[in-house]
Amino acid sequence: MQLHELKNTKKERIHKRIGRGGKRGSYSGRGVKGQHSRAGRRLRPAERDLIMRLPKRRGFANKEKRDKEMVFNLGDLSLSLKAHANAKSPVTLTIAFLKEAELVPMNYRGGVKILGMGEVQVPVVVDGLKISKSA
């Protein structure tokens, strides 16, 4: 068998060439105006329309929904803890306590983490806050 003797098993589909004169008339079955009547027309893919409808990441509308985590050192908290300290019981440190001491804004919805830089002379119980190992 030689290369010039090879034949394709599938038949090639011949597309009709419309609009070259002949029996179809001036508009060639395409209608008068519009996207479908033009030469080389392509419909826009549906995937592209979906991508265009998606909100993009930049700008005011895509602001983060949660506030960032606030970080406090033990040294920062020592003054406000001394003011609320009793000789009998330890001070319970919560987000409500920090809001009351005006260290955290009242409308704050994010988390709080306590780091271990500085010292506290008052006994403290931490409730519902993240804490580092050094603290």
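Which side chain meets that of Asp49 in a salt bridge? In this predicted model, the partner is Arg44, and the two side chains approach to 2.9 Å, taken from N to O. Neither residue of the pair falls into the buried class: Asp49 counts as partly exposed because its relative accessibility is 23%, and Arg44 is likewise partly exposed, with a relative accessible area of 47%. The structure holds two salt bridges, and the other is formed between the side chains of Glu69 and Lys130, at 3.0 Å from N to O. This pair links distant parts of the chain, since Glu69 lies in the loop between α1 and β1 whereas Lys130 belongs to strand β5, with their positions 61 residues apart in sequence. Glu69 is assigned to the partly exposed class because its relative accessibility is 37%, a value that lies between the limits of 20% for buried and 50% for exposed residues.

The strand to which Lys130 belongs is part of an open sheet, in which three strands follow one another in the order β1-β3-β5 with parallel pairing. The edges of this sheet are formed by β1 (70-73) and β5 (130-131), each of which pairs on one side only. Between β1 and β3 the parallel pairing extends over four bridges, and within this part of the sheet Met70 stands opposite Val112, while Phe72 stands opposite Ile114. On the other side, β3 and β5 are joined in the parallel sense over two bridges, with Ile131 of β5 as the bridge partner of Ile114. Ile114 is thus matched with Phe72 and with Ile131.

The side chains of β3 alternate along the strand: Val112 and Ile114 point to one face and are buried, while Lys113 and Leu115 point to the other face and are not buried. Val112 is also one of the residues with the most contacts inside the largest nonpolar core, a set of 14 residues in which Leu77, Leu93 and Leu98 are named alongside Val112 in this respect. At least two residues of this core are supplied by each of α2 (74-83), β2 (91-93), α3 (95-100) and β3 (112-115), and the largest share, three residues, comes from α2.

The surroundings of Val112 bring several of these elements together. When residues up to four places away in sequence are not counted, Val112 touches Glu69, Met70, Phe72, Ile95, Leu98, Val104, Leu129 and Lys130. Among these contacts are Glu69 and Lys130, whose side chains meet in the salt bridge described above, as well as Met70, the residue that stands opposite Val112. Leu98, another of the residues with the most contacts inside the core, is also touched by Val112.

Other parts of the chain present residues at the surface. Met1, Leu3 and Leu6 form a nonpolar surface patch, with about 430 Å² of accessible area together. Met1 is placed in the segment before α1 (46-53) and counts as exposed because its relative accessibility is 80%. Arg57, which is found in the loop between α1 and β1, is also exposed, with a relative accessible area of 74%. The C-alpha atoms of Arg57 and His36 are separated by 35 Å, the two residues being 21 residues apart along the chain.

Technical notes:
Residues numbered from 1 in each chain as written. Predicted model: local features only at pLDDT ≥ 70, side-chain atom pairs only at ≥ 80, totals over all residues. Heavy atoms only, no water. Patch = residues over 30% accessible without salt bridge, like charges linked within 9 Å, V, L, I, M, F, W, Y side chains within 5 Å. Areas by Shrake-Rupley, 256 points an atom, 1.4 Å probe, with all protein chains shown as cover. Salt bridge = Lys/Arg side-chain N within 4 Å of Asp/Glu carboxyl O. Buried < 20%, exposed > 50% of the residue type's maximum accessible area, 1.4 Å probe, protein only. Core = buried A, V, L, I, M, F, W, Y, C linked by side-chain atoms within 4.5 Å. Contact = heavy atoms within 4.5 Å. Pairing = 2+ DSSP bridges.
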